[in-house]
Structures are given as structure tokens and as C-alpha cells.
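Work through these exercises with the model open beside you. Each task is followed by a solution in steps.

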Amino acid sequence: MALLVESIFIGIAVGLLAGALGIGGGILAIPVLVYLLGQDPHAATAESLVIVIVTAIAALPSRFKHQQVRLGTGIVFGLCSSIGAFAGTALNALVDGDVMMYCFAALLVAVAAMMLRNGLKQRAEENTALAAGATEAMLDEQTDHSEQELSWKKLPLFLLVGTFTGIMVGFFGIGGGFAMIPVLVLIMGYSIRVAAGTSFIVISVVSIVSLLMRIGTPVHIDWLVALLFAIGSGLGSAVGSPLSNRARASTLTFIFVGLLIAVAIYTAVVTAL
């Protein structure tokens, strides 16, 4: 009974962060499921997908309301990512649980470094704009002017990046928001808020595909824990999503980077013990 209660309340906390930062919650759910709720790493990757799907869907209404979703980009990127999900899911069954967790930690550090560089550049641009007389409300509007249009010319790039992202989703059982947000920011020129909102579409598509592929495999899913965690995460995500509008875009990026590094260190240390 205590385990089930923990699943709900931890899910709410994960959902709050996931909703605010535009991630599906998988990067938080995986270590929580393994180290706090006692799940097998392979089972946790499957259970995490259930959590990620619910969290992403719960966050979307607020994002649509604030026009922070580019639906076409999300669907195209999601379908491209689904291709890689097949390979990632197959690879998941072949790798030792501890090795998988170490790889997970290394991936988070790499993404954090890339996003930190972008965040520092973003903060410098914001400070310059504010010094020139811009208001906080004008910062995102200025960023949005640099958005790239979705076109067929970008399809090869989306296939390449999407396939890689899909492999990560299928292998680690994460929604992939941590990988999609940098891509949408750096390639499409989206603000962090628009990238976060659009990533929820991608997350929903590729996570559903990855979860369906696990049906009929030897992986045992504790559906009660997964669903209770997902419900809590969905509630937290619905509350956390609107909170992102109260902070500067660069601030969200720095929080995102700090979260990635913290989870990476915790995962590596606990796996080594």
C-alpha cells in the first residue's frame, strides 16, 4: 500500500517539473522507478512510457492555449522518431540493466552541455534586449521571429535526428523531450516554450509506438504502479505546464540543464553502489 501511495505523490512531483520544462518526465521517472520504487531497469523503461504518455497529453491543453505548439512539426518529427523506436526497443532487451543506466547518465550529461551553451547565448541576447528597452513580455516575441518554417527540405534532417531520438526513446523508455527540445531550439529556431510545447506532440507519438512494441515481450510491467504514477504525473503536469510562462526562457533552459546534470550524477552514483 505504501508503494502505491508513493507512486502517486512522486508522480505529482515529477509531473510538475515535466510540465513546466516541456519534458515527458522519463528522465525523472526512470531513476525513480528503479531506485525508489524498486522496479527492474527493463521493466522501468516500459512503465516509464505509460507515465510519459499521460504526462505529455495532460500538458498539451495549456500549451495550445498559449499557442506554444507547432502541430505539423510535432507530428512529422514524431513519425520520423518512431522509425528509430523499433531499433531502440530491440536493443533494450540485449543490454544489461546497469550498463543501460550508465549510458543513460552519459547521455544526460551530453545533452546538458549542449543546452547550457545555448542557454548562455540566449541569456546574453535577453540581457542585450532588456538593456535596449525591451520588456520581459517582449523577449519571447523577439525569439519567435527567428522561427524556421517546416518544409520538405528539412525532412532528411528530421529523419536523421528523429531516428536517433526514437532509438533513445525505445532504448531508455523516455519520452525524448530532453533530446527534442534542443533540436527544435537549434534547428527550427523555436523559443524554449514553443519547443517544449511542440515536444509533447512528438513525445506522445513516439512513446505510444514504443509501448505497443513492448507488448508480447518478456518484460513484466507493474501496471498498478505505472498507472498510479502516471495519474499523479498527469495531474502535476497539468499544473506545471502553465508555470513555464512565469519565467524567462533562458531561466527555463538553465533549470533544465541543472535537472539533467543532477539526474545524471544520481544515476551514475547509485548504479555504482
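A charge sits over a ring if NZ of Lys or CZ of Arg is within 6 Å of the ring centre and within 35 degrees of the ring normal. Keep in mind that this is a predicted model.

**Exercise 1. Find the ring that lies under the charged end of R70, and give the distance to its centre.**

Solution. Start at R70 and look for the ring below its charged end. That ring belongs to Y190. Its centre is 5.9 Å from the charged end of R70. The cut-off is within 6 Å.

**Exercise 2. Count the aromatic pairs, then classify the pair of Y35 and Y266.**

Solution. Step one: the structure holds three aromatic pairs. Step two: take the two ring centres of Y35 and Y266, which lie 5.9 Å apart. Step three: the planes meet at 80°, and over 60 degrees counts as edge-to-face, so this pair is edge-to-face. Step four: place the partners. Y35 belongs to helix 2 (residues 26-36) and Y266 to helix 11 (residues 249-272). With their positions 231 residues apart, the pair links distant parts of the chain. Step five: check accessibility. Y35 is partly exposed at 23%, and Y266 is partly exposed at 38%.

**Exercise 3. Classify the pair of F171 and F172, and decide whether each residue is buried or exposed.**

Solution. The centres are 4.7 Å apart and the planes 75° apart, which makes the pair edge-to-face. Buried means under 20% relative accessible area. F171 has 6%, so F171 is buried. F172 has 5%, so F172 is buried too. Now widen the view: F104 joins F171 and F172 in one aromatic cluster.

**Exercise 4. Compare the span of helix 4 with the expected value, then locate its bend.**

Solution. Helix 4 covers residues 71-92, which is 22 residues. At 1.5 Å a residue, the expected span is 32 Å. The end C-alpha atoms are 30 Å apart, which agrees. The bend is about 30°, at G84. G84 is also one of the buried residues of helix 4, which include F77, C80 and G88.

**Exercise 5. Give the span of helix 5 and name the residue that caps its N-terminal end.**

Solution. Helix 5 (residues 97-131) has 35 residues. It reaches 50 Å between its first and last C-alpha, close to the expected 51 Å. The cap is D96: a side-chain oxygen of D96 lies 3.0 Å from the backbone nitrogen of D98.

**Exercise 6. How many disulfides does the structure hold?**

Solution. The search of the whole structure finds zero. Check two cysteines for accessibility. C80 is buried at 5%. C103 is partly exposed at 36%.

Key. Residues are numbered from 1 along each chain as its sequence is written. This is a predicted model: local features need pLDDT of at least 70, side-chain atom pairs count only at pLDDT 80 or more; totals for chains, interfaces and linings use all residues. Side-chain values use heavy atoms; hydrogens and water are left out. Rings of Phe, Tyr and Trp (its six-membered ring) pair if their centres lie within 6.5 Å; planes under 30 degrees apart count as stacked, over 60 as edge-to-face and the rest as tilted. Helices (H or I, at least four residues) and strands (E, at least two) are DSSP runs, numbered from the N terminus. Buried means under 20% relative accessible area, exposed over 50%, partly exposed in between (1.4 Å probe, protein chains only). The expected span of a helix is 1.5 Å times one less than its number of residues. A polar contact is a pair of N or O atoms within 3.5 Å; within protein, one must be able to donate a hydrogen and the other to accept it, and residues adjacent in sequence count only if both atoms are side-chain atoms. A disulfide is a pair of cysteine sulfur atoms within 2.5 Å. The bend at a residue is the angle between axes fitted to the seven residues ending there and the seven starting there.
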